[in-house]
Each structure stands twice: as C-alpha cells, then as structure tokens.
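User: I'm new to this one and would like a close look at a single part of it. Could you walk me through that spot and then tie it to the rest?

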Amino acid sequence: MRSFFSPGELVRVRRSTSSIYEVVRILPIVDHGDALYVISNKQGAEMILKQHQLMRA
C-alpha cells in the first residue's frame, strides 16, 4: 500500500475528530502494508499512527 498522506498535510485521528494534526513524516510500511505516520499537534506533541487510523482534516 502506498502512503496516502504527505508531510505537511493536516489530518484528524478517526477516534477523536476534534483535534487537527500535521503529518510530520512517513515511516516505513509495516505489517499488512499499512503505512505509519508521525503526526504532531499545535503544542508539538507527536504520536505515531497507522494510515487507517487517520482521515483528512
């Protein structure tokens, strides 16, 4: 599976659609072809999520 989001793109976490995050970087694809993304909020806190856990903002 290809990366669906690009660095700099704004996304939301599917389980919590209220906050907007920015894609910081794309990590290597993991099991079952799901891409991993490092995302950051306005305060600079980062987290790593799989592609299926994100949606465009």
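Is Q53 buried, partly exposed or exposed, and why does it count that way?

Analyst: Happy to. One thing up front: this is a predicted model, so everything below describes that prediction.

Q53 counts as partly exposed because its relative accessible area is 25%, and a residue has to come in under 20% to be called buried. As for where to look, Q53 is in the loop between β4 (46-50) and β5 (54-56).

Now for the company Q53 keeps. Setting aside neighbours within four places in sequence, Q53 is in contact with R12, V13, R14 and R15. Take R15: 38 residues separate R15 from Q53 in sequence, yet their C-alpha atoms are 7.6 Å apart in space. The side chain of Q53 also reaches back to K50, coming to 2.7 Å from the backbone nitrogen of that residue.

Let's compare that with another residue of the loop. Q51 also lies between β4 and β5, but Q51 is buried, because its relative accessible area is 11%. The side chain of Q51 makes a polar contact with the side chain of Y37, at 2.8 Å.

Two of the residues Q53 touches, R12 and V13, belong to strand β1 (residues 10-13), so it's worth following that strand for a moment. Its side chains alternate: V11 and V13 point to one face and are buried, whereas L10 and R12 point to the other face and are not. β1 pairs with β5 in the antiparallel sense, over 3 bridges. Within β5, L54 is the bridge partner of V13.

V13 and L54 also turn up together in the largest nonpolar core, which has 10 residues. The others in that core are F5, V11, Y21, V23, A35, Y37, I39 and L49. Two or more residues each come from β1, β2 (16-27) and β3 (36-40). Y37, the partner of Q51 in that polar contact, is therefore a core member too. L49 is another one to click on: not counting residues up to four places away in sequence, L49 touches V13, R15, A35, L36, Y37, I39 and L54. R15 is in that list and also among the contacts of Q53.

Next, the strand that leads into our loop. β4 pairs with β3 in the antiparallel sense, over 5 bridges, and one bridge joins V38 to its partner I48 in β4. The hairpin of β3 and β4 has 5 residues between the strands, and there G44 takes a positive phi near 95°.

Finally, zoom out to the whole chain. You'll find 0 helices and 5 strands, giving the pattern β-β-β-β-β along the sequence. For 57 residues, a compact globule would have a radius of gyration near 10 Å, and the chain has 10 Å, so the two agree. The C-alpha trace spans about 30 × 20 × 15 Å along its principal axes. Of the 57 residues, 30% count as buried, and Q51 is one of the buried ones. Among contacts with a separation of 6 or more, 36% come from residues 24 or more positions apart. Q53 and R15, 38 residues apart and in contact, are one such pair. The accessible surface comes to about 3,800 Å², and carbon and sulfur atoms account for 53% of it.

Conventions. Residues are numbered from 1 along each chain as its sequence is written. This is a predicted model: local features need pLDDT of at least 70, side-chain atom pairs count only at pLDDT 80 or more; totals for chains, interfaces and linings use all residues. Side-chain values use heavy atoms; hydrogens and water are left out. Helices (H or I, at least four residues) and strands (E, at least two) are DSSP runs, numbered from the N terminus. Buried means under 20% relative accessible area, exposed over 50%, partly exposed in between (1.4 Å probe, protein chains only). Contact means heavy atoms within 4.5 Å. A polar contact is a pair of N or O atoms within 3.5 Å; within protein, one must be able to donate a hydrogen and the other to accept it, and residues adjacent in sequence count only if both atoms are side-chain atoms. Two strands pair if DSSP finds at least two bridges between them. A nonpolar core is a set of buried Ala, Val, Leu, Ile, Met, Phe, Trp, Tyr and Cys residues joined through side-chain atoms within 4.5 Å. The radius of gyration is taken over C-alpha atoms; the globule rule is 2.2 Å times the number of residues to the power 0.38. Accessible areas come from the Shrake-Rupley method with a 1.4 Å probe; for residues, only the protein chains shown count as cover.
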